[in-house]
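Below are some notes for a colleague who is about to look through this model. They are meant to be read with the structure open.

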Amino acid sequence: MPTQEPITPAQSEASDQPLIALVPEPRGLDALAAVDGVTALLYDVRDEPPEGAEAAEVMVIPSRPVDRVLALVDRLPALRLVQTLSAGTDNWTGRLPAHVTLSNARGAHGPAVAEWAAATLLAVARDLPAFAADQAAARWNPHVAETLWDKRVLILGAGDLGVQLRARLEPFGPHITMMARHPRPGVVTMADLPALLPAQDVVALMLPLTPGTHHLADKDFLAAMKDGAILLNAARGPVVDTQALLAETRTGRLRAILDVTDPEPLPPDHPLWHTPGVLITPHVAGDVPQADARAWQVAAAQIAQYARGERPANTVS
């Protein structure tokens with residue numbers, strides 16, 4: 001990743017010219033129309049770049065196809081900022097030219113993902129999947145379920161996703177610990193993980209996929225969790241060692257809530273589908289009707305900062 005400030009219109013000799021931003025969908029034209037000093041051009045990653053693309057300093061990228069996006073990036077000599085519409089950047093980190101800055105859509109999807117996490121945790125705690133199965137079988141089967149009240153919840157990741165999850169869980173009365181790489185008020189560091197992990201009833205993964213978090217939840221991590229604890233993954237599939245998770249959930253010792261898996265999509269014959277105590281959704285935690293509009297709002301704000309000669313607040317470091 002580049003360490004220098006990105007070249008901005010205020011610093012360039014052509015600062016009196018409008019900044020050209022490439023956008024992958026018509027919604028982007030509308031989103032950037034109100035940003036002063038910016039002209040948006042629509043492009044299709046499957047076709048040749050539009051006329052004027054050679055002057056583009058900014059490119060808003062779709063999540064796929066990755067190879068074609070990267071190939072187009074290499075063809076844009078003036079490019080200085082790549083803006084994603086997602087918070088996750090693992091497909092792009094370290095794969096852009098050194099002079100190109102990467103900015104993400106942090107803040108766009110946190111509320112929806114946190115809502116999914118809270119909803120699924122409540123569903124598992126109150127045994128709603130079992131009650132739904134009883135209803136489908138027309139079976140009246142009252143039994144006592146759990147509660148989040150007074151439970152210990154460890155949230156790994158204190159960025160937007162983690163903070164949003166904490167806000168949604170607090171009314172239900174659990175004891176919440178936030179953990180991240182760097183200490184700050186109300187947040188402990190990963191160095192505290194070995195001491196805290198065995199006492200947690202819920203461990204929620206809300207952090208980015210990086211070389212340091214790949215298989216963070218490995219065999220030793222999972223073995224240290226208490227019997228009956230719930231592992232929730234709203235991060236990326238490879239943050240969890242799938243085989244290690246299968247070994248713990250097949251015995252019923254641990255439970256899991258997964259919106260992301262490794263591999264993904266999960267093949268129809270994969271044993272995770274039928275492992276007791278595992279709830280799976282197909283990477284839809286952030287998929288709500290407002291998701292696209294909110295992502296473009298965040299993207300437009302980042303591009304506006306760049307157009308003013310500022311470093312975008314969501315620069316990925």
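The numbered points below cover the sheet, the helices packed on it, some backbone details and one buried glutamine.

1. The model is predicted, not experimental. Please keep that in mind for each point that follows.

2. Start with the sheet. It is open, has 7 strands, and its order is 8-7-6-9-10-11-12, with parallel pairing. Strand 8 (187-189) and strand 12 (278-280) are the edges, each pairing on one side only. On average, neighbouring strands are turned by 20 degrees against each other, direction ignored.

3. Within this order, strand 6 and strand 9 run parallel and are joined by 4 bridges. To find this pairing on the screen, go to Val 153, whose bridge partner in strand 9 is Val 202.

4. Two helices can be placed against the sheet by their direction. Helix 3 lies across strand 9, strand 10 (230-233), strand 11 (255-258) and strand 12, and runs at about 155 degrees to strand 10. Helix 8 (residues 242-250) also packs on the sheet, where it touches strand 10, strand 11 and strand 12. The direction of helix 8 makes about 135 degrees with that of strand 11.

5. Which residues of helix 5 (residues 160-169) are buried? They are Leu 161, Gly 162, Gln 164, Leu 165 and Leu 169. Viewed down the axis of helix 5, these buried residues fall within an arc of 165 degrees, so they line one face of the helix. The spacing fits a general rule: an α-helix has 3.6 residues a turn, so residues three or four places apart point the same way. The buried residues of helix 5 pack against helix 3 (110-125), strand 6 (152-156), strand 7 (175-180) and strand 9 (202-205).

6. Two cis peptide bonds deserve a look. One joins Arg 64 and Pro 65, with omega about 0 degrees; Pro 65 sits in the loop between strand 3 (58-61) and helix 2 (66-73). Another joins Glu 264 and Pro 265, with omega about -5 degrees. Pro 265 is in the loop between strand 11 and strand 12.

7. Ala 138 is not a glycine, yet its phi is positive, at about 55 degrees. The residue lies in the loop between helix 4 (128-136) and strand 6. Is Ala 138 buried or exposed? With a relative accessible area of 74%, Ala 138 is exposed.

8. His 283 also has a positive phi, near 55 degrees, in a residue other than glycine. Its place is the loop between strand 12 and helix 9 (291-307). His 283 has 34% relative accessibility and counts as partly exposed.

9. The last point concerns Gln 83, which lies in strand 4 (residues 81-84). At 0% relative accessibility, this polar side chain's residue counts as buried, because buried means under 20%. What does the side chain of Gln 83 join in a polar contact? The partner is the side chain of Ser 103, at 2.8 Å. Leaving out residues up to four places away in sequence, Gln 83 touches Met 59, Val 60, Ile 61, Ser 103, Asn 104, Ala 105, Ala 299 and Gln 302.

How values were computed: Residues numbered from 1 in each chain as written. Predicted model: local features only at pLDDT ≥ 70, side-chain atom pairs only at ≥ 80, totals over all residues. Heavy atoms only, no water. Buried < 20%, exposed > 50% of the residue type's maximum accessible area, 1.4 Å probe, protein only. Arc of directions from axis to C-beta. Contact = heavy atoms within 4.5 Å. Pairing = 2+ DSSP bridges. Axes fitted to C-alpha atoms, helices over the stretch in contact; angles between N-to-C directions. Polar contact = N/O pair within 3.5 Å; in protein donor to acceptor, adjacent residues only side chain to side chain.
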